[in-house]
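Colleague: I should like to learn how the features of a structure are read. May we go through one together?

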Amino acid sequence: MPKRDEMAENRWLSPVSGTIRRSELWRFTRRSVPRGIALGIFAAFIIPLGQTLLAVVLALPSRANLPLAAVTTLVTNPFTIAFWAVIANKVGHVTLKIDAATTGAASESVRSGWMQGLAQWAELAGVTAFGFVVLAVVGAALGYLLAGFAWRFVVARKWVRRPAKGKTLHPAE
């Protein structure tokens, strides 16, 4: 995990280095953990490069947990980006229903020559980009909800295992 001083000394983050050093951005609390995870997932899918910087910048005004926002962006990395691009393309096709919408007269006028290749590339890129936006929004919402439920589950387990007031864990007799 990135350390507070390392991030504050980063030359790209120097304009907000004073804000980064605030301790509330580094605590693991009931509200900051889901925010950090949601912002990290959102930043991971919304832009292909510099997602950690985007997650940190988004986490500052929302008082999200900075380390979690930065680490969660690793959902998309050079090893998994091809997988996510295929998933984003499929999500974009399902969401936009491109196959049914492009069988009209507009697609027939582009069937010949280099315009066909350009139109196919533009369609593929647009559908995939829209799929990444859908993945970013839905993934951030799911990450927020799952982190909130996990936090409540862990705290509830700790309360159940906690000894009652005035009782000892191991009785002498």
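Colleague: Is arginine 152 buried or exposed?

Modeller: Please note that this is a predicted model. In general, a residue counts as buried under 20% relative accessible area and as exposed over 50%. Arginine 152 has a relative accessible area of 55%, and is therefore exposed. Its place is in helix 9, which covers residues 114–161.

Colleague: Which positive surface patch includes Arg152?

Modeller: Arg152 forms a positive patch on the surface together with Arg30, Arg31 and Arg63.

Colleague: Why is phenylalanine 45 classed as it is, buried or exposed?

Modeller: The relative accessible area of phenylalanine 45 is 6%, so this residue is buried. Phenylalanine 45 belongs to helix 3, residues 32–46. Although 89 residues separate phenylalanine 45 from valine 134 in sequence, their C-alpha atoms are 8.9 Å apart in space.

Colleague: And how is valine 57 classed?

Modeller: Valine 57 lies in helix 4, residues 51–62. With a relative accessible area of 42%, valine 57 is partly exposed. Val57 joins Trp12 and Leu53 in a nonpolar surface patch, whose accessible area is about 320 Å² together.

Colleague: Where does UniProt place the feature "transmembrane region"?

Modeller: The unreviewed UniProt entry gives residues 37–59, 66–87 and 129–155. An annotated span may then be compared with the model. Residues 129–155 are 100% helix and 0% strand, with end C-alpha atoms 39 Å apart. Residues 37–59 are 83% helix and 0% strand, and there the end C-alpha atoms lie 10 Å apart.

How values were computed: Residues are numbered from 1 along each chain as its sequence is written. This is a predicted model: local features need pLDDT of at least 70, side-chain atom pairs count only at pLDDT 80 or more; totals for chains, interfaces and linings use all residues. Side-chain values use heavy atoms; hydrogens and water are left out. Patches are made of residues with over 30% relative accessible area and no salt bridge: like charges are joined within 9 Å, nonpolar side chains (Val, Leu, Ile, Met, Phe, Trp, Tyr) within 5 Å. Accessible areas come from the Shrake-Rupley method with a 1.4 Å probe; for residues, only the protein chains shown count as cover. A salt bridge is a side-chain nitrogen of Lys or Arg within 4 Å of a carboxyl oxygen of Asp or Glu. Lys and Arg count as positive and Asp and Glu as negative; His and the chain ends are not counted. The place of a charge is taken as NZ of Lys, CZ of Arg, CG of Asp or CD of Glu. Helices (H or I, at least four residues) and strands (E, at least two) are DSSP runs, numbered from the N terminus. Buried means under 20% relative accessible area, exposed over 50%, partly exposed in between (1.4 Å probe, protein chains only). UniProt positions are given in the numbering used here, feature names are shortened, and annotations may be inferred rather than shown by experiment.
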